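User: Please take a close look at the strands of this model and at how they pair, beginning at the N-terminal end. Please add what can be said of the helices afterwards.

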Amino acid sequence: MAVNLVNVEQVSKVYGTRALLDGVSLGVSEGDRIGVVGRNGDGKTTLIRMLAKLEEADTGRVTHNGGLRLGVLTQHDSLDPQATIRHEVIGDLADHEWAGSAKIRDVLTGLFGGLALPGFEHGLDTVIAPLSGGERRRIALAKLLIAEQDLIVLDEPTNHLDVEGISWLAGHLRTRRSALVCVTHDRWFLDQVCTRMWDVQRGTVHEYEGGYSDYVFARAERERIAATEESKRQNLMRKELAWLRRGAPARTSKPRYRIEAANELIADVPPPRDTSELMKFANARLGKTVFDLEDVTVQAGPKTLLTHLTWQLGPGDRIGLVGVNGAGKTSLLRALAEAARTQGDVQPAAGKVVVGKTVKLAYLSQEVAELSPALRVLEAVQQVRDRVDLGKGREMTAGQLCEQFGFSKEKQWTPVGDLSGGERRRLQILRLLMDEPNVLFLDEPTNDLDIETLTQLEDLLDGWPGSMIVISHDRFFIERTTDRVMALLGDRSLRMLPRGIDEYLERRQRMEEAATPASAHASAAPKAAPADGVSSQVARAAKKELKKVERQLDKVSTRETELHAQIAAHATDFEKVAELDAELRELVTARDELEMRWLELAEDA
């Protein structure tokens, strides 16, 4: 029988006139891996702070098992700014002691990319004071994971980690014996790590078995039976449920909670996006050209990030952009945005960017745009316009869109200066969408947003007709809102990934494995020039053909989209539909062959 580690008994907490938690009773046992979700401001962080005895409850009590070894990652670290990374993370261990520990090596490699801490000027001997908040947070996480704990409490552990870091952390936590309580909005991470969920809502905490997918199924079923939630929230939940069941049914290996009931819930729910309909509308809004890049070089200051980039963003394309930090994801978007702003007058360091004449770009950067703090939320949105056309006959007022994004009628009159970071992020996205763009660049749009707001944003983007590029470390958001994944792997090129982020992680792992022995045995094999010359020649040829195959795949993808639109347009002409369908089947076969060839060439390149 599992030992009980923490008991929370009839705990209540009031801030001002609002009860964040009201008579909550919970327990954490050995082996539990619990994910905590809920809207921003509903008390998630307050709950785990009281659980860790970092904050006192107004009523009730929290008891810890005797001798409990507890590790806590809060949103504000307690690192000594004058200390070095070595002192905070490794302590007094001699080099041969910590280097001989598989656990320490794994943590340092997983969070920092190597034992020498590449990216930090003096490696382990770097002083903490001048480091950024993200770097300090990774150091605090490394310090916690290296220690032996019975229970780990994490508040937004995936913040400031890239896709690889998040994947590593999920695998690491799955193999630890420590119990875990974790607050995060990263739904992929919750699905990979957690076996139970706590949903904090209106002062109470609802418990669910399983990860995030299981939680969505169970909550949708509970709300269907109770029939107490407003219809808007039910519809959003059912739509996400449909996505989970149809788009990615094998996210976890655990048996589903009430699968039959879940399937009944989504029986009449359409797919998240009608791709052919959106593509037809996007073509009407954008024409044939959106962004055409010809032999482009992208630089950030003196550093060259991308070279000889030839690529096309077409009407209706929805691209997820992933890559190693510093590879040029944000710089690429900025270069395209600058070309769009000046209608092609400002060009990259080399090459040419052609911008469609009808392009109306909205660019959500990582920095939250500053607004007058005295301005009310509704006024800030109405500054852009009073009504917005969402396509297919859908129109919303500024007030209606505010409500869809979680700003109630009362909240719409809150001064901007009183909003939280997440609320300001929501307002920034709102203002962008109110301007009726036909091209969206979203750079880390999920920062500071809770899961419910993310679901609402995804729902809105489902029916948004236009071209879109999304940079995000949130796998779930990328898979949910985009149709193709492109990657910057740090070799100054942009690559298409037919199998998405899974393929990106595999390729990054192979690159690291190839680099490690190369550096280890560099001195042992200095006379490999002939073989190296041959492999370089093969690699160059592979890269050249790779670009050719990528252009062919882009053409096939464009023609596929056109055929789907034509089939929809000639739905009553059975002879024409049969002719188009035959061409579509040939195209699908050709695409499969091209993708296989692409994978073969990628290995050589």
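Analyst: Q10 lies in strand 1 of what is a predicted model. Its phi is positive, about 50°, although Q10 is not a glycine. Most residues other than glycine have a negative phi. The strand that holds Q10, strand 1, covers residues 4-15 and runs antiparallel to strand 4, to which five bridges join it. One position in this pairing can be named: S12 stands opposite T59 of strand 4. Strand 1 also belongs to an open sheet of three strands, in the order 2-1-4, with antiparallel pairing. The edges of that sheet are strand 2 (18-29) and strand 4 (59-64), each of which pairs on one side only. From one strand to the next, the twist averages 15°.

A second residue with a positive phi is H308, which is likewise not a glycine and has a value near 50°. H308 is found in strand 11, residues 303-313. Is H308 buried or exposed, or partly exposed? Its relative accessible area is 48%, and because the partly exposed class runs between 20% and 50%, H308 counts as partly exposed.

The strand of H308 leads to another sheet. This is an open sheet of three strands with the order 11-10-13, and its pairing is antiparallel. Strand 11 and strand 13 (350-355) are its edge strands, each pairing on one side only. Here the twist averages 30° from one strand to the next. Strand 10, residues 291-300, runs antiparallel to strand 13, and five bridges join the two. Within this pairing, T297 has A350 of strand 13 as its bridge partner.

Strand 12 introduces parallel pairing. It comprises residues 318-323, and six of its six residues are buried, so the strand is largely enclosed by the rest of the structure. Its side chains point two ways: R318, G320 and V322 in one direction and I319, L321 and G323 in the other, and all are buried. Strand 12 pairs in the parallel sense with strand 18 (residues 467-471) over four bridges. It also runs parallel to strand 19 (residues 484-488), to which five bridges join it. L321 appears in both pairings: I471 is its bridge partner in strand 18, and M486 stands opposite L321 in strand 19.

Strand 14, residues 361-364, shows an alternation of another kind. A362 and L364 point to one face and are buried, whereas L361 and Y363 point to the other and are not buried. Strand 14 pairs in the parallel sense with strand 17 (residues 439-443), over four bridges. In that pairing, L361 has V439 of strand 17 as its bridge partner. L361 thus combines a bridge to V439 with a place on the face of strand 14 that is not buried.

The helices may now be added. Helix 4 (residues 102-112) and helix 5 (residues 133-146) pack with their axes 10 Å apart, at an angle of about 160°. Angles over 145 degrees count as roughly antiparallel, and helix 4 and helix 5 are therefore roughly antiparallel to each other. Their crossing is right-handed. Helix 5 has 14 residues, which at 1.5 Å a residue should span 20 Å; the end C-alpha atoms are 20 Å apart, in agreement. Of these 14 residues, 10 are buried, so helix 5 is largely enclosed by the rest of the structure. Among the buried residues are the charged-type names R136 and R137 as well as I139, L141 and L144.

Helix 16, residues 451-462, can be treated in the same manner. Its 12 residues should span 16 Å at 1.5 Å a residue, and this agrees with the 16 Å between its end C-alpha atoms. All its residues fall in one class: 12 of the 12 are buried, so helix 16 is largely enclosed by the rest of the structure. The buried residues include I451, E452, Q456, E458, D459 and D462. At the start of the helix, a side-chain oxygen of D450 reaches to within 3.2 Å of the backbone nitrogen of E452.

Helix 20, residues 574-604, contains E583. E583 is partly exposed, with a relative accessible area of 30%. From R559 it is 24 residues away in sequence, while the two C-alpha atoms are 9.9 Å apart in space.

Definitions and conventions
Residues numbered from 1 in each chain as written. Predicted model: local features only at pLDDT ≥ 70, side-chain atom pairs only at ≥ 80, totals over all residues. Heavy atoms only, no water. Expected span 1.5 Å × (residues − 1). Buried < 20%, exposed > 50% of the residue type's maximum accessible area, 1.4 Å probe, protein only. Polar contact = N/O pair within 3.5 Å; in protein donor to acceptor, adjacent residues only side chain to side chain. Pairing = 2+ DSSP bridges. Axes fitted to C-alpha atoms, helices over the stretch in contact; angles between N-to-C directions. Parallel < 35°, antiparallel > 145°, perpendicular 65-115°, else oblique. Left-handed = near helix turned anticlockwise from the far one by under 90°.
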